[in-house]
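The following exercises introduce a protein chain through its strands and its overall form. Each task is followed by a solution in steps.

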Amino acid sequence: MGRTLTEKILEEHLVDGEVETGEEVGIEVDQVIAHDLTGTMAWLQFEALGLDEVQVDVAGQHCDHQTYQPDFKVSDDHRFLRSAAGTYGAYFARPGTGILHQVHKENFTAPGKTLLGADSHTPTAGGLGCLGIGTGGLDVATAMGGAPYYLDVPEVVNVRLEGELPEWSTAKDVILELLRRFSVKAGVGKVFEYTGPGVESLSAHERTVITNMGTELGATTSIFPSDERTAEFFERLGRPEDYVELQPDEDAEYDDELVVDLSEIEPLIARPSMPDNVVPVREVAGTDTDQVLVGSCTNGAYEDILPVAKMLDGREVAKRVETIVAPGSKQASEMLARNGFTAELMAAGVSVSEATCGACIGAGHVPASDSVSVRTFNRNFEGRSGMEDDAVYLCSPEVAAATALTGEITDPRDLDLDVDAPGFEMPDSYIGTSEADLIMPDEAVDDELVKGPNIDEVPLKDPLGADLTGSALLKMPDNITTDHVIPATQEVSVYRSNVPKLSEFTLKRVDETFAARAMDADGGFLVAGENYGQGSSREHAALCPMYLGIHAVFAQSFARIHKSNLINFGLLPLTIDEATYERIDQGDDIEIVDDAVEAVEGGREALTIRVNDDWEATARLDANERERELLAAGGKLPHTRQQFADA
Ligand code: F3S
């Protein structure tokens with residue numbers, strides 16, 4: 001049977017299991033990346049593993065989310081990250097070098113490799129035929145140590161592209177079209193693999209725009225074949241040796257198939273406040289606009305900003321519109337400057353920013369109240385811009401430029417601009433280079449960790465104990481999110497590398513006194529209704545309860561990613577039925593009657609709990625053999641540390 005490209009890369013990297021849809025496999029990781037919000041904890045965890053250096057081919061630490069260093073704690077984090085990269089053999093990209101996915105793409109992404117990133121848009125690399133997967137910092141830390149990455153083999157969906165994009169329709173419109181047709185949940189547990197005759201009409205860069213935003217479909221990742229267009233891109237990047245051709249077998253069997261006729265795609269836009277709330281631009285044309293932002297890891301490349309510069313050349317943006325261009329990398333900035341486009345943008349009334357994520361996470365350029373912001377970014381969730389009731393639209397750079405010119409949302413086809421579109425000329429080579437900003441392992445500035453006062457060691461949990469007792473420290477309703485457990489606000493997130501301090505904020509939004517009570521109790525349980533831990537993959541939402549001594553969470557159901565985070569940090573995720581949930585009160589004494597070690601290691605699913613020494617109920621542990629090993633060891637970190645010590 002023919003193999004898909006995804007299957008080929010998985011098989012090439014397989015170290016555990018069999019590549020069959022739905023089955024868990026362990027794969028070897030070639031490259032890893034992290035950014036400044038995720039990297040601090042990942043490196044603290046790597047330190048706890050006790051290794052001298054990273055064991056992957058390429059490890060990269062970027063500083064892109066908080067480049068303006070608004071607090072000494074952020075600058076301390078950046079210094080710590082530089083010292084960790086230098087000490088353990090990773091490259092370090094200083095603040096201002098650019099967004100991790102852009103910088104990694106320019107310098108290290110290669111077809112056929114596996115890339116694990118502590119950021120959800122790691123699938124950007126899939127545009128170049130690399131299997132890029134976003135995950136938590138702990139997985140990145142253990143992968144850096146050489147441990148396999150475990151995942152359930154996703155369904156592979158064949159997205160067959162036919163035809164060619166018409167003038168003024170772009171790669172951004174292709175992914176917006178998929179979001180319009182499906183939804184932000186359509187891709188859960190799936191890989192979108194692009195095939196068909198339309199593939200060769202898209203440049204390698206355009207492909208990365210599509211795979212970047214495949215994340216918004218909920219996909220594990222997205223991938224394009226590596227072909228002549230990819231070769232051309234590597235040639236321009238000045239690293240042709242990294243190119244290899246990669247295609248699925250002609251008779252590859254897919255789990256599902258979609259057909260997209262590129263010739264039917266028109267300029268699209270996502271309305272507030274969901275990336276799948278997509279309509280043709282013409283349907284919202286005329287909406288007064290106050291701010292236009294071009295940039296992000298989706299559309300911050302030279303190829304994205306060039307059309308904007310050409311469209312604005314010799315013109316002026318509307319007086320009512322604040323227009324900002326934030327290149328995704330310093331390489332893109334340098335090329336724009338060398339080729340004269342920065343001057344054209346400035347002359348047109350654009351503010352050109354340093355290369356940063358910045359506004360994408362509400363760090364700067366927060367929109368005014370009751371205003372419209374049109375952005376080339378990938379997410380417009382309510383409040384993400386930094387303004388609670390924001391109205392953020394997502395579109396291509398061409399639609400953003402047309403909108404900046406008129407001051408209202410505008411379909412570029414309605415402007416009689418004397419520029420050729422979409423065939424903007426690309427340079428023969430990428431003359432800019434961010435090499436000066438990358439500190440490679442052999443140029444390391446530091447050879448030991450530099451920790452400021454806000455950086456503390458990562459706590460390690462003891463192996464699972466046989467007798468688990470304590471009180472129900474907090475009883476919560478349905479749909480508790482990871483934001484309830486540990487919020488991502490600036491006030492809280494500056495303590496991300498200081499677990500004792502950060503833990504003081506645990507579940508504060510539910511109960512002000514929880515953290516203090518948990519510290520006093522020296523162990524206990526959480527009780528919740530349905531869908532506990534929904535929201536993000538934030539690991540601190542498991543790490544902080546672990547630090548506070550929580551043994552287990554009893555819930556009617558768990559959000560999938562949070563459940564695996566609980567296991568990774570050694571907390572038992574135990575499901576209880578509705579009657580049991582109703583019967584347990586906050587403050588009740590709970591005892592797990594079974595020997596917990598025997599039950600977990602022995603593969604037992606049903607555990608007996610005894611409440612107030614009065615009544616009994618059943619709690620269920622749904623975990624596979626590998627997860628049970630992690631739980632018995634006290635979590636993934638102590639488990640991996642032991643494995644490395646034994647090796
Ligand atoms: Fe940065 Fe936004 Fe991408 S925060 S990594 S530009 S999604």
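**Exercise 1.** Determine how strand 2 and strand 8 are joined.

*Solution.* This is a predicted model, in which local features need pLDDT of at least 70 and side-chain atom pairs count only at pLDDT 80 or more, while totals for chains, interfaces and linings use all residues. Residues are numbered from 1 along each chain as its sequence is written. Helices (H or I, at least four residues) and strands (E, at least two) are DSSP runs, numbered from the N terminus. Strand 2, residues 24-27, runs antiparallel to strand 8 and is joined to it by four bridges. Within this pairing, I27 has Y149 of strand 8 as its bridge partner.

**Exercise 2.** Place these strands in their sheet and identify the edges.

*Solution.* Two strands pair if DSSP finds at least two bridges between them. The open sheet holds three strands, in the order 1-2-8, with antiparallel pairing. Strand 1 (14-16) and strand 8 (149-152) each have a single partner strand, so one side of each lacks a neighbour in the sheet. On average, neighbouring strands of this sheet are turned by 45° against each other, direction ignored; the axes are lines fitted to C-alpha atoms, and angles run from 0 to 180 degrees between N-to-C directions.

**Exercise 3.** Describe the whole protein chain by its secondary structure and its burial.

*Solution.* The protein chain contains 24 helices and 27 strands. Of its 647 residues, 54% are buried, that is, 20 or more other C-beta atoms, placed from the backbone, lie within 10 Å of the residue's own. The C-alpha atoms fill a box of roughly 80 × 55 × 50 Å along the principal axes.

Key:
A residue is buried if 20 or more other C-beta atoms lie within 10 Å of its own, exposed if 12 or fewer, and partly exposed in between; C-beta atoms are placed from the backbone.
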